[in-house]
Amino acid sequence: MALPGAGPRVVVLAGGVGGAKFTLGVREALARRGAPEATVVVNTGDDLWLSGVRLQPDIDSILYALAGQNDTQRGWGRAGDTERVNEELQAWGAGWPWFTLGDLDLGTHLARTGWLREGLTVSDVVERLSRRWPLGVRLLPMTDAEADTYVVLEDGSRLHFQEWWTRHRAALTPLRFENPGLVSAAPAPGVVEAIASADVVLFAPSNPVVSLGPILAVPGMREALLATAAPVIGVSGIIGGRVVRGMADVCLTAIGVETSASGVASHYGARSGDGLLDAWLLAEEDAGLADVVAAAGIRPEVTALWMTDASASASIVDTALRVAGL
Ligand code: GDP
Ligand code: CA
């Protein structure tokens with residue numbers, strides 16, 4: 001039995017629902033080893049202002065999942081939520097008719113917005129939100145800056161990522177994605193330090209463009225990843241050439257990346273070149289692409305990648321730790 005706190009120090013970069021499923025596995029795999037809590041650096045590109053409150057969908061997805069408060073049927077929001085306030089907002093013509101805000105969820109947004117208005121940073125707020133339930137990991141936002149993702153369309157118009165996804169279901173062809181707020185942003189306090197002192201850095205199988213993309217675009221983030229002595233290991237969110245859920249295929253096509261496990265690996269790139277990855281976990285369905293990944297200078301590891309429950313995700317994490325020599 002390992003001494004408590006004696007196991008590997010793990011940093012995870014993650015988006016929302018896929019990131020949450022992966023994080024549940026990280027928590028389980030590390031708890032079994034008696035390792036310290038992982039640090040999870042979460043995308044805040046999905047954040048938005050709506051009806052006067054600040055929403056942080058990816059932070060909340062991970063928070064609720066770790067706390068066991070998430071709606072597993074619907075796939076987002078709080079279990080057992082109601083929509084009374086939302087109906088009232090709709091009656092006023094406030095907010096977005098296509099964007100539902102649950103009553104319990106609104107409680108989170110009000111708490112967060114109140115704290116922000118009192119002058120707390122986004123990191124402070126995430127730390128406060130993390131106190132209510134024992135999460136078993138440390139959540140950090142990627143940055144304290146407001147860095148909402150915008151989608152630029154072929155006609156030059158621009159809309160918030162949430163409008164593009166939730167209202168239009170990714171049906172408007174994107175030209176590119178941008179995070180104007182990142183220009184003068186820095187990684188949130190603790191992020192660079194966690195990466196520097198990590199034993200392994202894991203990329204969750206999150207959307208490579210609109211979840212991990214904004215995280216990696218925070219000025220200083222790539223430098224931190226290139227500088228760490230820890231191996232950087234990614235997990236494919238593409239299985240058998242298809243996204244498991246969501247619209248990563250539309251996003252990848254927009255930035256000229258093939259929707260395949262090897263395409264995404266090459267997009268992140270080999271650390272031995274000018275990229276970020278030491279190793280890449282591919283699904284068994286994509287075993288035929290392992291040679292392509294190896295040829296790109298990234299160590300391929302073929303394993304089962306379906307995150308059907310926390311223990312399935314924990315097995316993926318165990319494999320990653322083994323590849324890291326931990
Ligand atoms: P979002 O912010 O809620 O969209 O979630 P993320 O960006 O964190 O994750 C979305 C990605 O997770 C999608 O590209 C999916 O293909 C991927 N994903 C979802 N479920 C699974 C799974 O069971 N296994 C793997 N390998 N990837 C998954
Ligand atoms: Ca997201």
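This short talk covers a calcium site, one helix and some salt bridges in a predicted model.

Calcium first. The protein donors of the calcium ion, ligand 2, are OD atoms of Asp46 and Asp58. They lie 2.0 to 2.7 Å from the ion. Asp58 appears twice in that donor list. Where do Asp46 and Asp58 sit in the chain? Asp46 is in the loop between β2 (38-42) and β3 (48-50). Asp58 is in helix α2, residues 57-67. The two are twelve residues apart. Asp46 is buried, at 8% relative accessible area. Asp58 is buried too, at 6%.

Now α2 itself. Ten of its eleven residues are buried. Among them are Ile59, Ile62, Leu63 and Tyr64. What do the buried residues pack against? The partners are β1 (10-14), α1 (17-33), β2, α4 (103-117), α5 (122-129) and β5 (137-141). Just after the helix, Gly68 takes a positive phi of about 70 degrees.

On to charge pairs. The count is 14 salt bridges. Take Arg32 and Glu28: their closest N and O atoms are 3.4 Å apart. Both lie in α1, four residues apart, about one turn of the helix. Residues three or four places apart point the same way, because an α-helix has 3.6 residues a turn. Arg32 is partly exposed at 48%, and Glu28 is partly exposed at 27%.

Next, Asp71 with Arg74, at 3.5 Å. Asp71 is buried at 16%, whereas Arg74 is partly exposed at 32%.

Last pair: Arg299 with Glu301, at 3.8 Å. Arg299 is partly exposed at 42%; Glu301 is buried at 15%. Finally, shared partners join Glu28, Arg32 and Asp318 into one salt-bridge network.

Terms used. Residues are numbered from 1 along each chain as its sequence is written. Chains are lettered from A and ligands numbered from 1 in the order in which they are written. This is a predicted model: local features need pLDDT of at least 70, side-chain atom pairs count only at pLDDT 80 or more; totals for chains, interfaces and linings use all residues. Side-chain values use heavy atoms; hydrogens and water are left out. Donors are N, O and S atoms within 2.8 Å of the metal (3.2 Å for Na, K and Ca); water is not among the atoms, so sites may look incomplete. Buried means under 20% relative accessible area, exposed over 50%, partly exposed in between (1.4 Å probe, protein chains only). Contact means heavy atoms within 4.5 Å. A salt bridge is a side-chain nitrogen of Lys or Arg within 4 Å of a carboxyl oxygen of Asp or Glu.
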